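User: Could you take a close look at one part of this protein for me? I would like to follow a single helix and see what packs against it.

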Amino acid sequence: IDRLLKVIKMPHPVPEICRKAATILENLVLEPQNKPLLLSYENAFAEMLFGDPRYSDIFARILYELTSRSSNKVASACGIWGM
């Protein structure tokens, strides 16, 4: 996850690589077993959401998946409060 975020944050000569890295993160969040790990990166995802308009839609979907599902209420609290 750290490497994927680093690829997205650093300007790359081929924008398609950054888009693919963001898409990989989006696919990871769809798997329930990955959500607890990805919640620890919630702040980084929020920074990307507001920082780079090219990928803001992808990070909005990632944050939505992490926090809005009713089955994730406990996981959301852990992500917000850092438990």
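Analyst: Happy to; here is a walk along helix H2 and into the core beside it. Keep in mind that this is a predicted model.

First, the setting. The protein has six helices and zero strands, so the pattern along the sequence reads α-α-α-α-α-α. Of its 83 residues, 35% count as buried. Contacts between residues 24 or more positions apart make up 57% of those with a separation of 6 or more. The accessible surface is about 5,400 Å², and carbon and sulfur atoms account for 61% of that area.

Now to H2 itself, which runs over residues 15-29. From first C-alpha to last, its 15 residues reach 22 Å, close to the 21 Å expected at 1.5 Å a residue. Which residues of H2 are buried? They are Cys 18, Ala 21, Ala 22, Leu 25, Glu 26 and Val 29. These residues span an arc of only 140° around the axis, which places them on the same side of H2. Their cover includes H1, H3, H4 and H5.

A good place to see this packing is Ile 62. Setting aside neighbours within four places in sequence, Ile 62 is in contact with Ala 22, Leu 25, Glu 26, Val 29 and Phe 45. Among these partners, Ala 22, Leu 25, Glu 26 and Val 29 also appear in the list of buried H2 residues.

From there the view opens onto the largest nonpolar core, which has 20 residues. Those with the most contacts inside this core are Leu 5, Ile 8, Leu 25, Phe 45, Phe 59, Ile 62 and Leu 66. At least two core residues come from each of H1 (2-9), H2 (15-29), H3 (35-39), H4 (42-51) and H5 (56-67).

Phe 45, the partner of Ile 62 outside H2, leads on to the aromatic rings. The structure holds two aromatic pairs. In the pair of Phe 45 and Phe 59, the ring centres are 5.9 Å apart and the planes meet at 35°, so the pair is tilted. Phe 45 belongs to helix H4 and Phe 59 to helix H5, so this pair ties together parts 14 residues apart in sequence. Both Phe 45 and Phe 59 are buried. Ring pairs also bring in Tyr 41, which forms a cluster with Phe 45 and Phe 59.

To pull the thread together: the buried residues of H2 lie on the same side of the helix, Ile 62 touches Leu 25 and Phe 45, and Phe 45 pairs with Phe 59.

How values were computed. Residues numbered from 1 in each chain as written. Predicted model: local features only at pLDDT ≥ 70, side-chain atom pairs only at ≥ 80, totals over all residues. Heavy atoms only, no water. Core = buried A, V, L, I, M, F, W, Y, C linked by side-chain atoms within 4.5 Å. Buried < 20%, exposed > 50% of the residue type's maximum accessible area, 1.4 Å probe, protein only. Helix = DSSP H or I, 4+ residues; strand = E, 2+ residues; numbered from the N terminus. Contact = heavy atoms within 4.5 Å. Areas by Shrake-Rupley, 256 points an atom, 1.4 Å probe, with all protein chains shown as cover. Expected span 1.5 Å × (residues − 1). Arc of directions from axis to C-beta. Phe/Tyr/Trp six-rings, centres within 6.5 Å; stacked < 30°, edge-to-face > 60°.
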